[in-house]
Amino acid sequence: MFYLYVALAVLAFVILMALVYRIFTLAELAKESSKDGTTRVSRANGLNAGLFVVMFFAMFGLIFWYSMDAKQYFLPEAASAHGPDIDYLFWLTTGITFFVFFATHCLLFFFPFIYRYKENKKAFFYPHNNKLELIWTIVPAIALAILVLSGWKVWSEVTQEAPKEALHIEIMGKQFNWQVRYGGKDKKLGKYDFRKIDAVNSMGLDFAADPATMDDFMPTELKLPKNKPVLLKIRARDVLHSVFLPHFRVKMDAVPGMPTQFWFTPTKTTEEMRKITGNPEFNYELACTEICGSGHFAMKMKVSVVEDAEFKAWYDKQEAWTAANKDYLESIGIKKLAMANN
Ligand SMILES: [Cu+2]
């Protein structure tokens with residue numbers, strides 16, 4: 001609050017000074033002009049022209065400082081097969097738009113200074129040039145076409161159908177955490193039905209309708225094998241959420257009533273990433289990027305990537321959800337436990 005008052009006070013002071021200066025120059029101008037009846041340009045004109053140059057350097061200085069200061073918040077090291085393609089596109093777009101931004105601002109801020117009023121200097125009348133019109137229509141058209149086409153190419157590659165051998169993992173967002181489900185021994189995710197959701201069966205698995213649910217397991221972290229394609233089957237239980245795995249360049253909304261999906265291939269294990277980042281505590285994370293309610297900030301799940309062999313060993317050791325909830329199954333009338341894990 002204190003800084004806000006200081007900033008407001010400084011702003012009020014600057015506005016007041018500008019007003020005083022303006023009144024001063026206008027009064028001077030009126031006095032000068034009344035002498036011989038011609039209108040003159042006040043000294044404020046030159047000052048304003050100079051301030052354009054000052055503003056240019058101040059603005060780009062601030063942009064540079066801010067970009068360097070916020071560098072730690074840029075996208076982290078890519079750890080998926082399609083990650084470098086997304087990064088390439090991002091930096092290509094940023095590079096081209098920044099170049100145009102810089103070039104147009106050079107013209108915008110330096111021209112008022114270079115061509116400010118000077119006595120005995122006459123403006124050059126230059127109303128039209130077809131060649132120039134053509135150039136600044138065609139060049140941006142080509143640049144935009146390149147950006148759109150390369151974006152379209154990468155996106156259609158990223159969103160193409162997942163390979164057949166891909167591991168299917170379900171992710172469900174709810175207020176306020178994520179739940180993940182693996183297919184168990186049969187590698188098949190059993191059916192669910194939102195009407196089966198209750199205090200115990202939080203994902204609404206339909207045990208009566210689909211025996212494939214019996215061996216599904218729900219760990220508390222998202223574990224992924226390195227260099228194997230993974231297909232995330234995404235859904236939401238209540239409101240909009242958004243699956244965000246920044247290191248894997250994965251972002252897909254979780255929409256109630258409309259399942260979405262995203263497949264990718266992790267390329268670096270958690271261990272390897274710890275070496276790359278120099279941070280022995282490093283962990284991948286799954287975050288929610290949809291402001292979904294008061295507990296939104298807490299929707300974070302630990303993600304780990306391990307070598308394929310280690311993943312298989314972990315996978316085989318997981319206990320089916322049904323094995324730990326036999327009472328529940330009995331309570332909903334399922335006596336015959338056709339479970340692989342039992
Ligand atoms: Cu959320």
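# Aromatic pairs, sheets and cores

In this structure, Phe 90 is partly exposed, with a relative accessible area of 44%. The label follows from two cut-offs: a residue is buried under 20% and exposed over 50%, so a value in between is called partly exposed. The structure is a predicted model. The table lists five aromatic residues with their relative accessible areas.

| Residue | Relative accessible area | State |
|---|---|---|
| Phe 56 | 4% | buried |
| Phe 109 | 15% | buried |
| Tyr 21 | 30% | partly exposed |
| Phe 90 | 44% | partly exposed |
| Trp 91 | 48% | partly exposed |

## Aromatic rings and the helices

The model contains 31 aromatic pairs. In one of them, the ring centres of Phe 56 and Phe 109 are 6.2 Å apart and the ring planes meet at 55°. This pair is classed as tilted because its angle is neither under 30 degrees, as in a stacked pair, nor over 60, as in an edge-to-face pair. Phe 56 belongs to helix H2 (residues 43-69) and Phe 109 to helix H3 (residues 83-114), so the pair ties together parts that are 53 residues apart in sequence. Another pair is formed by Phe 90 and Trp 91, with ring centres 5.0 Å apart and planes at 85°, so this pair is edge-to-face.

Phe 56 and Phe 109 are also members of a cluster linked by ring pairs. The other members of that cluster are Phe 52, Phe 57, Phe 60, Phe 98, Phe 101, Phe 102 and Phe 110.

Tyr 21 is located in helix H1 (residues 2-36). Leaving aside residues up to four places away in sequence, which residues does Tyr 21 touch? They are Arg 43, Ala 44 and Leu 47. Although Tyr 21 and Ala 44 are 23 residues apart in sequence, their C-alpha atoms are 8.3 Å apart in space.

Rings may also have a charged group over their face. The charged end of Arg 235 sits 3.5 Å from the centre of the ring of Tyr 192, over that ring. Lys 187 lies over the face of Tyr 315, at 5.4 Å from the ring centre.

## The five-stranded sheet

Strands of a sheet pair through backbone hydrogen bonds, either parallel or antiparallel. One open sheet here consists of five strands in the order S3-S9-S8-S5-S6, and its pairing is mixed. At its edges stand strand S3 (222-225) and strand S6 (250-254); each has a single partner strand, so one side of each is left without a neighbour in the sheet. On average, neighbouring strands of this sheet are turned by 25° against each other, direction ignored.

Strand S8 (residues 284-288) is antiparallel to strand S5 (residues 241-245), and two bridges join them. Phe 244 has Ala 287 of S8 as its bridge partner. Strand S8 is likewise antiparallel to strand S9 (residues 300-306), to which four bridges join it. There, Tyr 284 has Val 303 of S9 as its bridge partner. Why is S8 described as largely enclosed by the rest of the structure? The reason is that four of its five residues are buried. Helix H6 (residues 308-317) lies across S3 and S9, and runs at about 135° to S3.

## The four-stranded sheet

An open sheet of four strands has the order S2-S1-S4-S7, again with mixed pairing. Strand S2 (177-182) and strand S7 (260-264) are its edge strands; each has a single partner strand, so one side of each lacks a neighbour in the sheet. Neighbouring strands of the four-stranded sheet are turned by 25° against each other on average, direction ignored. Five bridges join S7 to strand S4 (residues 230-236), and these two strands run antiparallel. Within this pairing, Leu 232 stands opposite Phe 262 in S7.

## The nonpolar cores

The largest nonpolar core has 39 residues. Those that touch the most other members are Ile 169, Tyr 182, Leu 222, Leu 224, Leu 232, Leu 245 and Phe 248. When residues up to four places away in sequence are not counted, Leu 245 touches Leu 222, Leu 232, Val 250, Phe 264, Glu 285, Leu 286 and Val 303. Another core lies apart from this one and has nine residues, among them Met 203, Met 214, Tyr 328 and Ile 334.

Terms used:
Residues are numbered from 1 along each chain as its sequence is written. This is a predicted model: local features need pLDDT of at least 70, side-chain atom pairs count only at pLDDT 80 or more; totals for chains, interfaces and linings use all residues. Side-chain values use heavy atoms; hydrogens and water are left out. A nonpolar core is a set of buried Ala, Val, Leu, Ile, Met, Phe, Trp, Tyr and Cys residues joined through side-chain atoms within 4.5 Å. Buried means under 20% relative accessible area, exposed over 50%, partly exposed in between (1.4 Å probe, protein chains only). Contact means heavy atoms within 4.5 Å. Two strands pair if DSSP finds at least two bridges between them. Rings of Phe, Tyr and Trp (its six-membered ring) pair if their centres lie within 6.5 Å; planes under 30 degrees apart count as stacked, over 60 as edge-to-face and the rest as tilted. A charge sits over a ring if NZ of Lys or CZ of Arg is within 6 Å of the ring centre and within 35 degrees of the ring normal. Axes are lines fitted to C-alpha atoms, for helices over the stretch in contact, and angles run from 0 to 180 degrees between N-to-C directions.
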